[in-house]
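Work through the following exercises on salt bridges with the structure in view, and try each task before reading its solution.

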Amino acid sequence: MTGIEPAKAQSSADTGGVSFTVIPTAADSLAAQKKEHKDTVKKATVVVTHATEKPQTLWAIFIAGFLGGFAAFLMPCIYPMLPLTVSFFTKKGGSRSRAILQSLLYGLSIIVIYVILGFIITLLFGPSALNALATNGIFNFFFFLLLVVFGISFLGAFEITLPGSLANKLDENSDKGGLIGIFFMAATLAVVSFSCTGPIIGSVLVGAATKGERLGPAIGMFGFSLALALPFTLFAMFPSALKSLPKSGGWLNSVKVILGFIEIAFALKFLSNVDLAYHWNWFDREIFLSLWIAIGILMGLYLIGKIKFSHDSDLPYLSVPRTFISIIVFAFVIYMIPGLWGAPLKSISAFLPPLSTQDFDLSAGVSTSVVSTNTSTIKTKKYEELFKRLPKVKGIDDWYDYDQAIEVAKQVHKPILIDFTGWNCVNCRQMESNVMPSPEVLKRLQNDFVILQLVIDDKTELKSSEQFISAVTGKKITTLGAKWLDKEISQYNSNAQPFYVIINEDGQTLVPPQGANFNIDGFIKYLDSGISAYKSAQGGKK
């Protein structure tokens, strides 16, 4: 689908019984084509931006929150409370139906409490501020420190708790009857268990906030609270199932410690974000991998009982689940080791600093030549030195400035594929690792397009003469990344990354833009539609 319909050769008009044949000029046909095509692209763009990008992100936030809630349920502050709470409802309710109703209200109260917390975070920061968190250096560094503190807390160095007076006050109110008493009982659980759930809640909120979604924190807390509330409700409905659960014990502390290691590992991602966006150039890929490998080894040794922390009990033997988890951890460590010498590690490449930051890369000599049929008179690329560490797809000739790419397209007579990307974009890394290197995709990118990468989170200051006030947001645009993000928002009604737009040398959009498409055949169809639209438009100009 190109959005361009062939012009009709002629049309008839009937006036007073006399038929006249009206033959449109070439200019009329081309103008009609352009208008129809422009309207089609504009409508399709809005559909793509608002119908597909947002729900995918919110679903990801919900799933992350749900997994976090399930992990919180296995914490030593919550898991032992399950049989006590179920027993309380069973005895207090008198009948099974009343016990089920009270447990449902208890679970609903848990959800309400945490969702309100999510809404408070949104109201405090606002959607625009939440979007800025994803690329703000100060906040990313703060999140790094925050997750490290949470991880250390889980390892047993200290506990993060709320004031005991607050817990006592809530516990007193929980003695009241009816819905109010159940609600305060749920609030007491939230406060008393904060030393275990706090770090997980913090991680969920950090991840949700940095997605830039208006409802991100609330959706994340909904997923978290739903996973936390379900066991209490379900086991109150089927109390006999409690007998099948493993008893509380030292394994709960082990879960807490493992989560501590994972918190510290993911904290490094936020430090990497700052390093890339501000061009510090010291937290390279091999340093990141070395730290993850070290954390993985310590985690594996902990699981098999070779090291333990002060609050751990002795491990007389390895259980079957612990054995299998140990195998997975050690296998993951072994998988990462070749990455120190340049192995792509596609399954985790989205979380790692780009391969271009690696000093020692054995794969660099395998295929580094750029195969391109784009021969223009422009030999010096603007911003090339600035983006030498930007993730690359081997064999693709990238440009980094819009005006320069337009000039190249005019010389080589090819459409431009704009890749709105980012230093910290996880889905961008997946596209660059798993989709674009595919032979059929790579062939088209090399031969049929001028590739333009616009990095929306780069913090390089613009010259004072290049700074401007955004017509969309009213804010002053002072950085290179903000300039390209403003262009994406103002021209294409989207702030998602990656976001692909195919335009001609006049800057006109040829086909509806699209976001990440991990289906290789689907992405090939998108590229082919752009090529076809460009050729059709070129034919109309002749």
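**Exercise 1.** Decide whether Asp 528 is buried, partly exposed or exposed, and find out which residue is its partner in a salt bridge.

*Solution.* In this predicted model, Asp 528 has a relative accessible area of 31%. Because buried means under 20% and exposed means over 50%, Asp 528 counts as partly exposed. Asp 528 forms a salt bridge with Arg 444, and the closest N and O atoms of the two are 2.7 Å apart. This pair links distant parts of the chain, since Asp 528 belongs to helix α16 (residues 520-541) and Arg 444 to helix α14 (residues 439-447), 84 residues apart. Arg 444, with a relative accessibility of 14%, counts as buried. As a last step, follow the shared partners: salt bridges join Asp 528 and Arg 444 with Glu 440 and Lys 443 into one network.

**Exercise 2.** Determine where Arg 429 and Glu 432 lie, and whether they are buried or exposed.

*Solution.* Both residues lie in helix α13 (residues 426-435), where three residues, or about one turn of the helix, separate them. Their salt bridge brings the closest N and O atoms to 2.8 Å apart, and both Arg 429 and Glu 432 are buried.

**Exercise 3.** Classify the accessibility of Lys 308 and of Asp 314.

*Solution.* Lys 308, with a relative accessible area of 49%, is partly exposed, whereas Asp 314, at 61%, is exposed. These two residues form a salt bridge whose closest N and O atoms are 2.5 Å apart, and the structure holds six salt bridges.

Key: Residues are numbered from 1 along each chain as its sequence is written. This is a predicted model: local features need pLDDT of at least 70, side-chain atom pairs count only at pLDDT 80 or more; totals for chains, interfaces and linings use all residues. Side-chain values use heavy atoms; hydrogens and water are left out. A salt bridge is a side-chain nitrogen of Lys or Arg within 4 Å of a carboxyl oxygen of Asp or Glu. Buried means under 20% relative accessible area, exposed over 50%, partly exposed in between (1.4 Å probe, protein chains only). Helices (H or I, at least four residues) and strands (E, at least two) are DSSP runs, numbered from the N terminus.
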